[in-house]
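New notebook page. I want to get my bearings in this chain, then look up a single residue in it.

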Amino acid sequence: TLLWSIWSTACIFRLRGGGARVPGASVSHFSELTSLGRFVSGLPAFLRRRMTSLEAHALVRERMARREENLIETLDRGVWRNPRSPYRALLGAAGCERGDAARLIRAEGVESALRTLRAAGVHVTFEEFKGRRPIVRSGVSLESRPEDFDNPTFTRYFRVATGGSTGAPRRVLMDLDYFLMRLPLQVLMDEVQGLSEVRHVQWAE
């Protein structure tokens, strides 16, 4: 019900042409309509999905056991195969190629590898992410756009915008597969907070 409300509100908003112009809204209307269609068609099955506490615990344990490989796969899908990713350019400026990153993660673990990459300049500050200043590292200067940070694996989404309280509004992709990925985490958070059997709504942007 909550997701349906979010979706319907966003659709009405878009159809009426309301709201401020959002940087990064240059993505083709055809592409976004196609993604919205996939979101709508997959929504009924998502809303029928029920996950038990046992399922949630098992999924989280599996993910924790594969943290290093999950990060390597995430980099492969979201960075190395994505030419417009600022992180790909930053990794290149740091002299880190695909095989180097994978070996580093497997050898040092997730946290240590991320600290090593950050020290080498592979990171983005809040001001850079918001587009208020260029990303400058090791002689490389990047003028990024909001859509450069989009997850390229998202295919079932609709677009909303942030409130713009810290600057210009930014596009946000509400993707159905992302919600599915977060589902076990939400089940466990509800369990810890004693909300598993309580009807409640959660505000999310």
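I started with the contacts across the whole chain. Of those with a separation of 6 or more, 63% are between residues 24 or more positions apart. I'm working from a predicted model here, so I'm noting that up front.

Next I looked up the elements. I found nine helices and four strands in the chain. Reading from the N terminus, the order is α-α-α-α-α-α-α-α-β-β-β-β-α.

Then I checked the surface. The chain has 205 residues, and 34% of them count as buried. The exposed area comes to about 12900 Å², with 57% of that supplied by carbon and sulfur atoms.

Now for my one residue, Arg 84. Where does Arg 84 lie? I found Arg 84 in the loop between helix 4 (67-80) and helix 5 (86-93).

Is Arg 84 buried or exposed? Neither, as it turns out: its relative accessible area is 38%, so I put Arg 84 down as partly exposed, because that value falls between the 20% and 50% cut-offs.

Which residues does Arg 84 touch, leaving aside its neighbours within four places in sequence? I listed Arg 145, Glu 147, Asp 148 and Asp 150 as its contacts.

I looked at two of these again. Asp 148 is 64 residues away from Arg 84 in sequence, yet the C-alpha to C-alpha distance is 5.7 Å. With Glu 147, I checked the backbone: its oxygen lies 3.0 Å from a polar atom of the Arg 84 side chain.

Methods. Residues are numbered from 1 along each chain as its sequence is written. This is a predicted model: local features need pLDDT of at least 70, side-chain atom pairs count only at pLDDT 80 or more; totals for chains, interfaces and linings use all residues. Side-chain values use heavy atoms; hydrogens and water are left out. Helices (H or I, at least four residues) and strands (E, at least two) are DSSP runs, numbered from the N terminus. Buried means under 20% relative accessible area, exposed over 50%, partly exposed in between (1.4 Å probe, protein chains only). Contact means heavy atoms within 4.5 Å. A polar contact is a pair of N or O atoms within 3.5 Å; within protein, one must be able to donate a hydrogen and the other to accept it, and residues adjacent in sequence count only if both atoms are side-chain atoms. Accessible areas come from the Shrake-Rupley method with a 1.4 Å probe; for residues, only the protein chains shown count as cover.
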